[in-house]
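Please open the model in a viewer and keep the selection tool at hand. The tour below proceeds stop by stop, stating what to select and what is found there.

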Amino acid sequence: MNTLPLGMIFALSVAAYLTGAFASLACWRKPVVARRICCSAALAGAALGGCAAVLGILRGTPVAWSVPSGIPLFAYSFSYDALAGFFNLALAITVAAVSIYSFGYLKAFEGKRNIGFFGFLFHLLLLSLTISFTAANAFLFLIAWEVMALAAYGLVTFYHEDRETRRAGLLYVIMAHIDTGCLLLGFALLINASGSAEFASFHKAAVQLSSAQQTAAFVLFFLGFGIKAGVIPFHIWLPAAHPVAPSNVSALLSGIVIKTGIYGMARIFLDSLGGVPSWAGLLVLIVGVVSAVLGVLYALMEHDLKRLLAYHSIENIGIILMGLGAALIFRVAGHPMLAAVALVAAMFHTLNHAIFKSLLFLGAGSVLHSTGTRNMEEMGGLIRPMPVTAFCFLIGAVAISGLPPLNGFVSEWLTYQTLLAGFGAISGLRRILFPLAGSMLALTGALAAACFVKAFAITFLALPRGAKSRNVQEAPRTMLIGMGWLTLACAALGLGATWFLPVFDAMTEQLLGQRVGAHLVTGHGLVLSAGMRTSGTVSPMVIAVGLLVLVLPAALLVAIGTRRFGRTRGPVWDCGLPGLSAENEYTATAFSKALRMIFSVLYKPRREIQAVFDVSPYFPKEIHFESEIDPTFEKRLYAPLQEFIFRFSSRMRTIQAGSIHAYLAYIFVTLVLLLLFGVRK
Amino acid sequence: MHFVPNPELGNRIITLMAALVLVLQIATVGQRGILSSIRIFAVQSFLLGAIAAVIAYFNQASHIYIAALLIVFLKAGLLPRLLERLVERIGIRREIEPLINVPLSILISGGLTLLGYVVAESFYHPEETSARAALGHNTLAVAIALFLIGFFVMVNRRKALTQVLGLLSLENGLFLAAISLTYGMPLMVELGIFFDVLVAVMILGILVFRIGETFDSMDVSKLRKLRE
């Protein structure tokens, strides 16, 4: 097949993002024009990028272009292989939805905020994302990585008049730079060994690394990519930064930007380094388990709708890392087939999470757009004024909870199956970890379902809890279309999973030398299996049909009954006390009370109740209730670190005398000493 | 008939001029008047341009002529002009007492020149140098000395403007080192460096002017106040 069309289409999508960036910046005085340019350029870029991704995946073999830059070690090298194509596909699907959504969403910015500048940052982010997925030169990758961090910083702090937003932005930019620093050192190790910054040259170099260097490279890359992905304990920036951004940006941040960390791990650990030692795979698996369980537990305690979703991103990154860690372990242990299934599970969950998390953030954005609050305790009853948003959010919630027959179920099921298979395949004591990780995954799924029962019920059901959720309106049509597109994708990838799985063949063949798509599908393309003789099988399609069989007769009965007897509306069950009001409802805090008690070792909840009495203690006039959970990581890990840095810096201040002469003298003395040192040799 | 210049003659001329440049540099260390410092700098830069031209002639590297012309035009013409106008606008003509007094400063400059020779010696391998490279030997020592003394002037002087002069003569040292070691860098690089120097002087000029306005003085020791 000719490589030209793929290259052309990819270049065109890059050009669309570049044009979008500068054209919307140029029109910043005309908000309507800027909004239209920003959204349509993003849509065009996504469409072209999606075409390129499909071509790249179908092609199977990598395509590479390189333009020398004249600067040593640096070249504009791109390589479009199956892995790059897959992440570009996830990017395209998400961006398509977000850009349609933004047509309506950004309307609220007109006249209030600079849409031109927003568009500039937004397109810069998209551009850096697509380039970092395709870059084949370490420096090009790092430049894209850095542009991505800065553009994301600009978008996170878009509501910069808020103190909380600025703090979150600062935290984000600090963590992003620690992560770039780690990557820079990691790449320096590889470049030093290979003498070239091209990714292709790292294959040979990785073999020559000593085991200490290999360990250092793994740790640096894992830190760098782990911070970007938001794994625990490097997650603290994520629940701070994602909620404060505009909601369409939050969708991109949680949907795609944190996935660059996953992409980097797959690219470096599986492709460039050609596998990592067994303990490294175990570390990835354990970090994945910890992130998944703690992520969902912290999410349960959140009453801020967007923060809740942000914590779920940590949970899902954990699930992805479980699959990736298992793939790394299986690869070293000599089970390429299992490794390929685990990789498929991880990558499928990456795509699925990109889809349903952006769907949920867009839904939360619609709610925020209509009610003006992120606090769930002020919401309620939104399903009546906003039925479409509620439906889309519900689909997203079912998908993220890993319930059949949607896409989240398929990838979590595959992860689960590979973890269970690990017990039989791996020898030694560490094999106990696999069923343990599997049970933790099951726990995570159950807790996630509980959390989304809370999120959906408190937000959309019952009566409005606050003035802000009365008299609200459904979101504009473009926003609904954006969400609807992702809703469809959730259903399609769940029901059609058996047809989608062969997409991963090219990737697993390139990285692990195995094609497993055919093994995963049995029963005339309707039944999923995990590829092992002993593994279970499941068919989302049959489950869906079963659900329909259960639901249809009931619906039929209701329809017939309504026609024959008419419909009467009565009060809900009110315990004989007529006139139930919003005060009688469950609150989000109350709903999560049970879990707060069960996991109190972890949460260390603190609560304070103050009653104000008038006459008798039996009739309190006011009751103040305050409840908060212990921010363990911030308090025990980051606060001591911060204190150390402050103390160290105040020591260092004594040499910062503020005198130019002193500074010049420092440089001068250093220079003379170095010269003398050089001469001495 | 093709004329081949005698490299020995070129070497002598260059050594002589480099020595003059060094003397001028040490003269800056002892000089108190700002205007005369600027003029010394102008003469020094002119000599540098001349050295570049001589190297271009004896090595038949025609593109160095352009560099020579540029250095004469920019550093002996334009920059001193700009700095003189700045002096007139601020109205400060004399440098106050430097941090280290003049005799000691000149002694230190002598020491730095010695260091320059010691360093240059370590680059000198007579057994493998051709006549062409021998040309650079003395000049490199002078260049390093120029660089170090220029730096020393920046550390030692209190006025922002004399510090700018120190920076410029330091840059002259760099130019001399580059031209004596490589017989001319690619023209693009030279152009880039000249442009940098020009921009740097513009910015520094504005900065000096602002410092003078804000603190009623050009004494950079007063910048200490900016510290919280």
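Begin with the two assigned domains of chain A in this predicted model. Select residues 587-628 for domain 1 of chain A and residues 633-680 for domain 2 of chain A. The C-alpha centres of these two domains of chain A are 49 Å apart.

**First helix pair in chain A**

Next, select helix H6 (residues 163-194) of chain A together with helix H8 (residues 211-229) of chain A. Two packed helices are described by the angle between their axes and the distance between the axes. Here the axes lie 8 Å apart, and the packing angle is about 150°. Because an angle over 145 degrees counts as roughly antiparallel, H6(A) and H8(A) are described as roughly antiparallel to each other. The crossing of H6(A) past H8(A) is left-handed.

To see where the two helices meet, show side chains along both. On the H6(A) side, the contacting residues include A:Met175, A:Ile178, A:Cys182, A:Leu185 and A:Leu189. On the H8(A) side, they include A:Gln213, A:Ala217, A:Leu220, A:Gly224 and A:Ile227.

**A cis bond after H8**

Now move to the loop between H8 and helix H9 (238-244) of chain A, where A:Pro233 lies. The peptide bond joining A:Ile232 and A:Pro233 is cis, with omega about 10°. Most residues other than glycine have a negative phi, and most peptide bonds are trans.

**The helices around H17**

Select helix H17 (residues 433-460) of chain A and add helix H15 (residues 387-400) of chain A. Their axes come within 9 Å and cross at roughly 170°, and H15(A) and H17(A) are therefore roughly antiparallel to each other. In H15(A), A:Ala390, A:Phe393, A:Leu394, A:Ala397 and A:Ile400 make the contacts. Their counterparts in H17(A) are A:Ala448, A:Phe452, A:Ala455, A:Phe456 and A:Phe460.

Follow the chain into the loop between H15 and H16 of chain A, which holds A:Pro405. The bond from A:Pro404 to A:Pro405 is a cis peptide bond, with omega near 5°.

Then select helix H16 (residues 407-425) of chain A, and keep H17(A) in view. How do these two helices run relative to each other, roughly parallel or roughly antiparallel? Their axes cross at roughly 155° and come within 7 Å, so H16(A) and H17(A) are roughly antiparallel. H16(A) passes H17(A) in a left-handed crossing. Among the H16(A) residues that meet H17(A) are A:Glu412, A:Tyr416, A:Leu419 and A:Phe423. From H17(A), the residues involved include A:Phe434, A:Ala437, A:Leu441 and A:Gly445.

Beyond H17, select A:Asn471 in the loop that leads to helix H18 (477-495) of chain A. A:Asn471 is a residue other than glycine with a positive phi, near 50°.

**Chain B**

Switch to chain B and colour it by pLDDT. The mean for chain B is 79, and 80% of its residues reach 70 or more. Among the elements of chain B, helix H2 (residues 34-59) has the highest mean pLDDT, 88, and helix H7 (residues 187-215) the lowest, 73.

Select H2(B), which has 26 residues. From first C-alpha to last, H2(B) reaches 37 Å, close to the 38 Å expected at 1.5 Å a residue. Just after H2(B) comes B:Gln60, with a positive phi of about 50°.

Finally, view both chains together. For the complex, the predictor gives an ipTM of 0.80 and a pTM of 0.80.

How values were computed. Residues are numbered from 1 along each chain as its sequence is written. Chains are lettered from A and ligands numbered from 1 in the order in which they are written. pLDDT is the predictor's confidence in each residue, from 0 to 100. Helices (H or I, at least four residues) and strands (E, at least two) are DSSP runs, numbered from the N terminus. The expected span of a helix is 1.5 Å times one less than its number of residues. Domain bounds come from an automatic or database domain assignment. Axes are lines fitted to C-alpha atoms, for helices over the stretch in contact, and angles run from 0 to 180 degrees between N-to-C directions. Angles under 35 degrees count as roughly parallel, over 145 as roughly antiparallel, 65 to 115 as roughly perpendicular and the rest as oblique. A crossing is left-handed if the near helix is turned anticlockwise from the far one by less than a right angle, and right-handed if clockwise. Two residues are in contact if their C-beta atoms, placed from the backbone, lie within 7 Å.
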